[in-house]
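User: I'm new to this one. Can you walk me through it?
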Amino acid sequence: AGAGAALRGPLALLAGPEHRGRVAAVGAVWACLAFAALSNDFWLMRFLHDTGRETLQRPVSLAQFSAKLAFGVLGAAAVDRAGRRALLVPSFLVAAGATAGMASAASTTGLFAAVVCNYGANEVLWSTVMTLTCECFPTDVRAAAVGATVAAGRAVGALSVALGPALMDARGLAAPFKLNAGVFFLGALCTLALRQETSGKPLQ
């Protein structure tokens with residue numbers, strides 16, 4: 001009972017007029033990122049297999065994780081210099097273009113370039129969105145806000161993974177990636193709508 005009461009207090013504050021708009025805006029950014037990024041993760045290997053490029057699965061996986069490592073370091077170095085929103089918006093746009101490129105690449109070189117760009121941008125997005133989320137909310141609701149927005153994103157991400165096979169069967173193998181490119185673009189718009197830069201500001 002005590003734990004439930006302790007949780008209800010911050011959640012009630014989040015639902016109040018001071019925080020609910022920010023919760024919705026940050027939650028929308030999380031939802032866009034999780035929807036597109038997790039769907040890409042799950043369906044890229046099937047896409048390669050079903051398009052007759054299963055021999056590329058291992059090298060593409062290596063390219064994915066190498067890009068994550070390299071851009072994770074670069075993103076950490078850039079986030080305080082560039083600012084949260086200033087890094088998120090172009091990263092969302094790069095991810096959108098690269099996701100579309102993964103589905104339409106006519107050559108192996110083009111495919112690998114799209115994979116590296118997409119997963120590099122994704123790594124910057126994940127870490128920067130988490131940083132922004134933690135800094136957007138004051139101490140009394142921070143943990144609840146992070147939990148609520150991340151949970152919303154993961155729930156939407158799970159939905160995107162479930163939709164993938166149906167889209168591939170009904171609209172073609174490239175359909176999930178075309179949709180995800182649009183969702184990444186929407187993520188850039190949601191970030192612009194947030195209108196809050198937390199870089200260089202003290203925590204509340």
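User: Is L93 buried or exposed, or something in between?
Analyst: This is a predicted model. In it, L93 is partly exposed, because its relative accessible area is 40%, and partly exposed is the range between under 20% and over 50%.

User: Where is L93 found?
Analyst: In helix 4, which covers residues 84-104.

User: Which nonpolar surface patch is L93 in?
Analyst: L93 makes a patch of about 440 Å² together with F185, L186, L189 and L192.

User: Which helix gives the most to that patch?
Analyst: Helix 7, residues 175-194, with four residues.

User: What span should helix 7 have, and what does the model show?
Analyst: Its 20 residues, at 1.5 Å each, should span 28 Å. The end C-alpha atoms are 29 Å apart, so the two agree.

User: Which residues of helix 7 are buried?
Analyst: Among them are F177, N180, A181 and F184. G187, A188 and L194 are also on the list.

User: Back to helix 4. Is T99 buried or exposed?
Analyst: T99, also found in helix 4, is buried, because its relative accessible area is 0% and the cut-off for buried is under 20%.

User: What is T99 in contact with, beyond its neighbours within four places in sequence?
Analyst: N40, N118, F177, N180, A181 and F184. Of these, F177, N180, A181 and F184 are buried residues of helix 7.

User: Which backbone oxygen lies 2.8 Å from a polar atom of the T99 side chain?
Analyst: That of A95.

User: New topic. How many salt bridges does the structure hold?
Analyst: Two. They link R46, D50 and D169 in a network.

User: How far apart are the closest N and O atoms of D50 and R46?
Analyst: They are 2.9 Å apart. Both residues lie in helix 2, residues 20-50, and are four residues apart, about one turn of the helix.

User: Why does that spacing suit a pair?
Analyst: An α-helix has 3.6 residues a turn, so residues three or four places apart point the same way.

User: And what about D169 and R46?
Analyst: Their side chains meet in a salt bridge, 3.3 Å from N to O. This pair links distant parts of the chain: D169 is in helix 6, residues 139-171, R46 is in helix 2, and they are 123 residues apart.

User: Is D169 buried or exposed?
Analyst: D169 counts as exposed, at 61% relative accessibility. R46 is partly exposed at 25%, and D50 is partly exposed at 35%.

Definitions and conventions: Residues numbered from 1 in each chain as written. Predicted model: local features only at pLDDT ≥ 70, side-chain atom pairs only at ≥ 80, totals over all residues. Heavy atoms only, no water. Patch = residues over 30% accessible without salt bridge, like charges linked within 9 Å, V, L, I, M, F, W, Y side chains within 5 Å. Areas by Shrake-Rupley, 256 points an atom, 1.4 Å probe, with all protein chains shown as cover. Salt bridge = Lys/Arg side-chain N within 4 Å of Asp/Glu carboxyl O. Helix = DSSP H or I, 4+ residues; strand = E, 2+ residues; numbered from the N terminus. Buried < 20%, exposed > 50% of the residue type's maximum accessible area, 1.4 Å probe, protein only. Polar contact = N/O pair within 3.5 Å; in protein donor to acceptor, adjacent residues only side chain to side chain. Contact = heavy atoms within 4.5 Å. Expected span 1.5 Å × (residues − 1).
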